[in-house]
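Reader: I have a few labels I'd like you to justify from the numbers. Can we go through them one by one?

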Amino acid sequence: MATVTIEKIQKNGFFETLRTDSWRAYPITVLIGLGGFLIYGTWSALQADYYWFSIADTGFGGYLAPFYSPLFFIKEGVAGAAPIEHAIFGPWPQWWPSWIPPSPSLLILAIPGVFRFTCYYYRKAYYRAFTGTPPACAVGALPRKGSKGYVGETGLMVVQNLHRYAMYFAIIYIFIFFYDAFLAFFNNGKLGIGVGTILILGNAILLGAYTFGCHSVRHLIGGRLDCYSCSMGAKRAHSNWKLVTWLNERHEKFAWISMIWIMVADLYIRLVSMGVITDLNTW
Ligand code: FES
């Protein structure tokens, strides 16, 4: 039987492997899926318009496209913009450079962007699909000039340590997404439900499942403890830890489903706001 050694793979180079299964499927899927998400997210963030839908210009409630939540500032007079009372800090700031679109999305994407970029699951995915280091287990990695070999997450990749800090802010976003879902049950002050409501509520639930299944949350909630039976507090921490562990074991699934769902929800609200499609609802 042929023996695969790391030396042999390293010597033979990129893509060299004795694997006979369809190992290429995973990095190709990530390349297309994650690449598509990055392209759509950037495009949506740069639009700066049609991110809000409501039957009336006044009255409580409406749909807010998730790539635009939370709304720190709002530029009035823009097509498809939310009413000014939804801005946390008020009208669009004067200091904003004129050559950058006045998009509320550009102000808030950094947190979810850093959170996803530094996620332990996504690291595996894009190291394989985008940088080929390596493209899969037991497959030759893309040679890097002047590389000292694997040096851990130091150097450029020290930025990955931001994950635990991004996590605190990402949790705040989850509460805001649930508030958006609450808003989506109203239109012109009237309680009801529409396809947009379901998409926005689903977005909050799925992002919640993804965020609370984070490895850093699991550590924070109880994973850092050495003894679960030593005190009442530790026993409670163990119960929380088991709950988070259930989500954590499905972290990859929630990463993908929530990523696709947020794109669909964002695009749907954008199209409804533009009048391209009509929202099915009870209002
Ligand atoms: S490990 Fe994936 S979000 Fe923290």
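Reader: What makes H6 and H7 roughly antiparallel to each other?

Author: Keep in mind that this is a predicted model. The axes of H6 (residues 163-183) and H7 (residues 195-212) cross at roughly 160 degrees. Angles over 145 count as roughly antiparallel, so H6 and H7 get that label. Their axes also come within 8 Å, and the crossing is left-handed.

Reader: Which residues make that contact?

Author: On the H6 side there are Ala170, Ile171, Ile174, Phe177, Phe178, Asp180 and Ala181. H7 brings in Ile200, Leu201, Asn203, Ala204, Leu207, Gly208 and Thr211. Sorted by type, the contact of H6 with H7 has 10 nonpolar residues, three polar and one charged. Gly counts as polar in that scheme.

Reader: Why is alanine 48 called buried?

Author: Count the neighbours: alanine 48 has 21 other C-beta atoms within 10 Å. The cut-off for buried is 20 or more, so alanine 48 counts as buried. You'll find alanine 48 in the loop between H2 (25-47) and S1 (52-53).

Reader: And how do you know whether tyrosine 50 is buried?

Author: By that kind of count: tyrosine 50 has 21 C-beta neighbours inside 10 Å. With 20 or more needed, tyrosine 50 is buried. Tyrosine 50 also lies in the loop between H2 and S1.

Reader: What is notable about phi in alanine 48 and tyrosine 50?

Author: Most residues other than glycine have a negative phi. Alanine 48 is not a glycine, yet has a positive phi of about 70 degrees. Tyrosine 50 has a positive value too, near 50 degrees.

Reader: Why is serine 98 called exposed?

Author: Serine 98 has 6 other C-beta atoms within 10 Å. Exposed means 12 or fewer, so serine 98 qualifies. Serine 98 sits in the loop between S4 (90-91) and H3 (104-108). Between serine 98 and proline 135 there are 42 Å in space, C-alpha to C-alpha, for 37 residues in sequence.

Reader: Which omega value goes with the cis peptide bond between serine 69 and proline 70?

Author: Omega is about 0 degrees there. Proline 70 is in the loop between S2 (63-64) and S3 (73-74). The peptide bond from threonine 133 to proline 134 is also cis, with omega near -5 degrees. Proline 134 is placed in the loop between H5 (120-129) and H6. As background, most peptide bonds are trans.

How values were computed
Residues are numbered from 1 along each chain as its sequence is written. This is a predicted model: local features need pLDDT of at least 70, side-chain atom pairs count only at pLDDT 80 or more; totals for chains, interfaces and linings use all residues. Helices (H or I, at least four residues) and strands (E, at least two) are DSSP runs, numbered from the N terminus. Axes are lines fitted to C-alpha atoms, for helices over the stretch in contact, and angles run from 0 to 180 degrees between N-to-C directions. Angles under 35 degrees count as roughly parallel, over 145 as roughly antiparallel, 65 to 115 as roughly perpendicular and the rest as oblique. A crossing is left-handed if the near helix is turned anticlockwise from the far one by less than a right angle, and right-handed if clockwise. Two residues are in contact if their C-beta atoms, placed from the backbone, lie within 7 Å.
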